[in-house]
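Visitor: Please take me on a close look at the largest cavity in this model and its surroundings. I work with structures by computer, so feel free to give me the cut-offs as you go.

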Amino acid sequence: MASVRGAGDAGEGEWLKVAELKAMAGAQDPQAKEVDNLTLRRFLRARGQDVGKASTMLLKFVAWRREAVPDGAIPAEHVRSDIAGQKVSMAGVDRAGRPVMLAFPARHFSANRDMATFKRFIVYLLDHICARIPRGQEKFLCIVDLKGWGYANCDVRAYIAAIEIMQNYYPERLGKALMIHVPYLFMKAWKMVQPFIDANTKDKFVFIDDKKLEETLKRELDESQVPEMYGGKLTLVPLS
């Protein structure tokens, strides 16, 4: 089993549970047997090593993926308007070697949002960042820059949809979300979102005071990996 080990190596007992999970879920949906062991382990960890609960979660994922992404990937042309809005950019890596992406919620306008298209965009985005995760890592870092965010950008339904997709179908992928330049108004919206976030995911959202932004970025990122817009040297690459 050594060949399938990655970040946070499992012991023999955990790999035995992975095998049990594959057998249990596979008995109900043969497609579950095609899911790789590292992904199975993430579902197992997301449910506290409870094989039964992990199987339920995995089966929902397999059924969802079959319906939401029948061809294996969301074509860029299906989310072209969201990509053109430059709502997300790819950065480099953090000090742990995890890929970094930046999200700009002030570039999202609730009046223009179609929920079905938005959900496809979230899947496209998560597939894209997860594809960048190197061997030996399983998570990514997200910097959510709320500078300029206001009433026109507030979209609680979309935020809940995005978080539910991430925590239900991409478990144990988010390493940390640094929330920066957070306006007071956003915290009112966040209070409506919080009840829909599971405890494990909620702990990964870290709100950074403006005065501590530079210090936080230096702690999380090497100087060469700090984006230019925050005083560093890295040029961002828009999601494409």
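Guide: Happy to, and let me start with burial: a residue is buried when its relative accessible area is under 20%, exposed when it is over 50%, and partly exposed in between, with a 1.4 Å probe and protein chains only. By that scale Gln 86, at 41% relative accessibility, counts as partly exposed; we will come back to this residue. The model is predicted, so local features need pLDDT of at least 70 and side-chain atom pairs count only at pLDDT 80 or more, while totals for chains, interfaces and linings use all residues. Residues are numbered from 1 along each chain as its sequence is written, and side-chain values use heavy atoms, with hydrogens and water left out.

Now for the empty space. A search of the whole structure turns up 2 cavities of 30 Å³ or more. A cavity here is a set of points, on a 1 Å grid over the protein atoms alone, where a 1.4 Å probe fits but cannot get out, and a lining residue has an atom within 4 Å of a point. Points are joined across faces, edges and corners, and a volume is the space filled by probe spheres set on them. The largest cavity comes to about 540 Å³.

Its lining has 26 residues, and those nearest the centre are Ala 103, Pro 105, Ile 122, Val 144 and Ala 162. By class, 24 lining residues are nonpolar, 1 is polar and 1 is charged (nonpolar: Ala, Val, Leu, Ile, Met, Phe, Trp, Tyr, Cys and Pro; charged: Asp, Glu, Lys and Arg; polar: the others, Gly among them). Six elements give at least two residues each: strands E2 (99–103), E3 (140–145) and E4 (174–180), and helices H5 (115–131), H6 (156–169) and H7 (184–193). They are DSSP runs numbered from the N terminus, with at least four residues for a helix (H or I) and at least two for a strand (E). The largest share, 5 residues, comes from H5.

Where do those strands sit? They belong to an open sheet of 6 strands in the order E5-E4-E3-E2-E1-E6, with mixed pairing; two strands pair if DSSP finds at least two bridges between them. At the edges are E5 (205–207) and E6 (237–238), each pairing on one side only. E2 and E3 run parallel and are joined by 4 bridges. Met 101 has Cys 142 in E3 as its bridge partner, and Leu 102 stands opposite Ile 143 in E3.

Helices that line the cavity also pack on this sheet. H5 touches E1 (88–93), E2 and E3, and its direction makes about 15° with that of E1. H7 touches E4 and E5, and its direction makes about 155° with that of E5. Contact means heavy atoms within 4.5 Å, and the axes are lines fitted to C-alpha atoms, for helices over the stretch in contact, with angles from 0 to 180 degrees between N-to-C directions.

E3 deserves a pause. In a regular strand the side chains alternate between the two faces of the sheet. In E3 both faces are covered: Phe 140, Cys 142 and Val 144 are buried on one side, and Leu 141, Ile 143 and Asp 145 on the other. In total, 6 of the 6 residues of E3 are buried. Val 144 is the E3 residue you met among those nearest the cavity's centre.

For contrast, look at the second largest cavity, with a volume of about 40 Å³. Its lining consists of Asp 82, Ile 83, Gln 86, Lys 87, Val 88, Phe 121, Pro 238 and Leu 239, which makes 5 nonpolar, 1 polar and 2 charged residues. Here Gln 86 returns: it is placed in the loop between helix H4 (80–84) and E1, and has a positive phi of about 50° although it is not a glycine.

Back beside the largest cavity's elements, His 181 lies in the loop between E4 and H7. It too is a non-glycine residue with a positive phi of about 50°, and its relative accessible area of 21% makes it partly exposed.

Note on methods
1 Å grid on protein atoms, 1.4 Å probe; cavity = no way out; pocket = protein on both sides within 12 Å on 5 of 7 lines; lining within 4 Å.
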